[in-house]
Structure formats: structure tokens, C-alpha cells
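Trainee: I would like a close look at one part of this protein, the pockets and what lies around them. Please take me through it step by step.

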Amino acid sequence: MMKSVWNVDSVHSEIGFSIKHMMISKAKGNFISFDGEIKADLDQFTDAEIKLTIDVSSVDTRNKGRDDHLRSADFFDVENHPKATFISKEIKKTSDNHYEVIGDLTLKGTTKTVALEVIVEGQSKDPMSGNTVAGFSGETTISRKDFDLTWNTTLETGGVLLSDDVKISFEIEAHKQD
């Protein structure tokens with residue numbers, strides 16, 4: 001079967017992250033602006049081609065000061081690196097509708113290979129538009145150090161403000177293009 005083109009619907013999708021904060025809780029946020037394309041026959045998803053682009057300046061943690069700090073050179077350096085991208089290289093089926101999607105993540109000018117756990121949630125017909133829609137969800141954990149996101153500070157009680165590991169999670173709704 002031929003691959004269909006599926007465009008990410010950012011209104012019905014979410015890309016979020018969480019990081020251990022002060023060694024006792026988690027700080028969470030998401031990116032508001034992103035787009036992507038999946039070329040796939042959903043029945044043969046191991047042959048899919050996935051490309052996602054995130055406008056890193058759209059980071060939202062519900063705290064303006066923290067968001068501004070994340071946009072600064074201490075973290076994402078959006079002035080010099082406004083976009084983050086993910087491009088798939090290999091997809092392995094791990095169980096029924098579960099896949100390991102291996103690809104290149106570029107963040108702050110650094111590209112590293114990462115593995116995403118992805119679930120193909122299925123497809124449906126949108127009753128409002130009549131479009132065929134597919135759902136995908138998943139997550140991965142990356143090291144901040146791998147992407148030169150090393151800013152941190154030591155806590156008075158010992159330890160550090162931010163962990164190295166960042167969990168990235170996503171819920172994607174994509175519309176089939178005819």
C-alpha cells in the first residue's frame with residue numbers, strides 16, 4: 001500500500017516536558033507552536049517517515065520569568081536556535097501498536113540520535129470535516145548535557161535545582177491529506 005501524508009494538527013496535539021525541580025518535585029511545560037508531517041501506511045508503520053519542527057520560543061511553563069530564562073542563552077538560545085527538529089531514521093515494531101522510533105533530534109544546534117516510544121492510537125473519521133484523522137502518543141527521556149543545556153545552580157540543602165534528565169511526552173493528532 002502507498003504511504004499517505006498526515007499533517008500534524010497542533011490545535012489537537014501537545015508536546016510537553018517535565019524535569020525534576022529542586023530534587024523533590026517536577027517542573028512541567030509544553031511548546032505551543034509546532035508542525036510536522038508523517039508519511040505512512042499505518043498498517044506498515046515501520047516504513048513511516050516522520051518530521052517534526054518545534055518553535056522553541058513558544059515554550060510555556062505558566063511562568064513568564066521561567067519561560068524568558070528558558071528562551072535565553074542559558075537554555076534554548078532561541079535568538080540563535082529558534083527551531084528544534086526531529087527526523088526519523090528507523091522504526092521498529094515492539095508490540096501490536098507500539099513502536100520504537102529512532103531519529104535525529106536537533107536542539108540548540110546539536111543533533112543527537114534519540115529513541116521515542118510511540119503508540120499508534122488508531123484512526124477515525126472527523127464528523128465535522130469528514131477528514132481521516134490518526135492519533136499517536138509517546139515519550140522519551142533525553143539528557144540536557146547532550147544538547148549543551150547545562151545551566152544549573154546548587155541548592156543550599158545540597159543537590160541541584162534541575163536534573164539532567166528531561167522527559168518529553170507527546171499526543172499527536174494528524175490529518176490525512178488527499
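Mentor: What follows starts at the pockets and then moves outward along the chain.

This is a predicted model. Keep that in mind throughout.

Start with the largest pocket. Its volume is about 780 Å³. Its lining counts 40 residues. Five of them lie nearest the pocket centre: Ile15, Gly16, Phe17, Phe31 and Ile168. The lining splits into 32 nonpolar residues, six polar ones and two charged ones.

Take Ile168 from that central group. Ile168 sits in strand E11, which covers residues 162–177. Its contacts beyond four places in sequence fall in two stretches of numbering. One set is Ile15, Gly16 and Phe17. The other is Gly138, Glu139, Thr140 and Ile142. Look at Gly16 in particular. Ile168 and Gly16 are 152 residues apart along the chain, yet their C-alpha atoms are separated by 5.8 Å. Ile15, Gly16 and Phe17 therefore appear twice: they touch Ile168, and they are listed with Ile168 nearest the centre of the largest pocket, where lining means an atom within 4 Å of a pocket point.

Now the second largest pocket. Its volume is about 150 Å³. The lining consists of Glu14, Gly16, Phe17, Ser18, Lys28, Gly29, Asn30, Lys167 and Ser169. Strands E2 (14–21), E3 (25–31) and E11 each supply at least two of these residues. E2 gives the largest share, with four. The lining divides into one nonpolar, five polar and three charged residues. Gly16 and Phe17 belong to this lining, and they are also among the residues nearest the centre of the largest pocket.

Next, the aromatic rings. The model holds four aromatic pairs. Phe17, Phe31 and Phe76 make up one aromatic cluster. Phe17 and Phe31 are already familiar from the centre of the largest pocket.

Phe31 and Phe76 lead on to the nonpolar core. The largest core has 42 residues. Those touching the most other members are Ile15, Phe31, Ile38, Phe45, Phe76, Val101 and Phe136. Phe45 shows how such a residue is surrounded. Sequence neighbours within four places aside, Phe45 contacts Ile38, Ala40, Ile50, Ile91, Tyr99, Val101, Val118, Val120 and Phe136. Ile38, Val101 and Phe136 in that list are themselves among the core residues that touch the most other members.

Ile38 and Ala40 point to their neighbour in sequence, Lys39. Lys39 lies in strand E4, residues 34–40. Lys39 counts as partly exposed because its relative accessibility is 32%, between the 20% and 50% limits. Its contacts beyond four places in sequence are Lys3, Ser4, Val5, Asp47, Ala48 and Glu49. Lys39 and Ile50 are eleven residues apart in sequence, and their C-alpha atoms are 6.5 Å apart.

Ser4 is on that contact list. Ser4 belongs to strand E1, residues 4–8. At 16% relative accessible area, Ser4 is under the 20% limit and so counts as buried. Its contacts, again leaving out residues within four places, are Ile38, Lys39, Ala40, Asp41 and Lys176.

Move on to Ile102, in strand E8 (residues 98–107). Ile102 is buried because its relative accessibility of 13% is under 20%. Ile102 touches Phe86, Ser88, Lys89, Glu90 and Lys92, and also Thr113, Val114 and Ala115. Gly159 is 57 residues from Ile102 along the chain, and the two C-alpha atoms are separated by 32 Å.

Finish with two backbone oddities. Most residues other than glycine have a negative phi. Arg62 has a positive phi, near 65 degrees. Asp77 does too, at about 50 degrees. Both are in loops. Arg62 falls between strand E6 (59–60) and helix H1 (64–71). Asp77 falls between H1 and strand E7 (83–95). Are they buried or exposed? Arg62 is exposed, since its relative accessible area of 81% is over 50%. Asp77 is buried, since its 14% is under 20%.

Conventions:
Residues numbered from 1 in each chain as written. Predicted model: local features only at pLDDT ≥ 70, side-chain atom pairs only at ≥ 80, totals over all residues. Heavy atoms only, no water. Helix = DSSP H or I, 4+ residues; strand = E, 2+ residues; numbered from the N terminus. Contact = heavy atoms within 4.5 Å. 1 Å grid on protein atoms, 1.4 Å probe; cavity = no way out; pocket = protein on both sides within 12 Å on 5 of 7 lines; lining within 4 Å. Points joined across faces, edges and corners; volume = space filled by probe spheres on them. Nonpolar A, V, L, I, M, F, W, Y, C, P; charged D, E, K, R; others polar. Phe/Tyr/Trp six-rings, centres within 6.5 Å; stacked < 30°, edge-to-face > 60°. Buried < 20%, exposed > 50% of the residue type's maximum accessible area, 1.4 Å probe, protein only. Core = buried A, V, L, I, M, F, W, Y, C linked by side-chain atoms within 4.5 Å.
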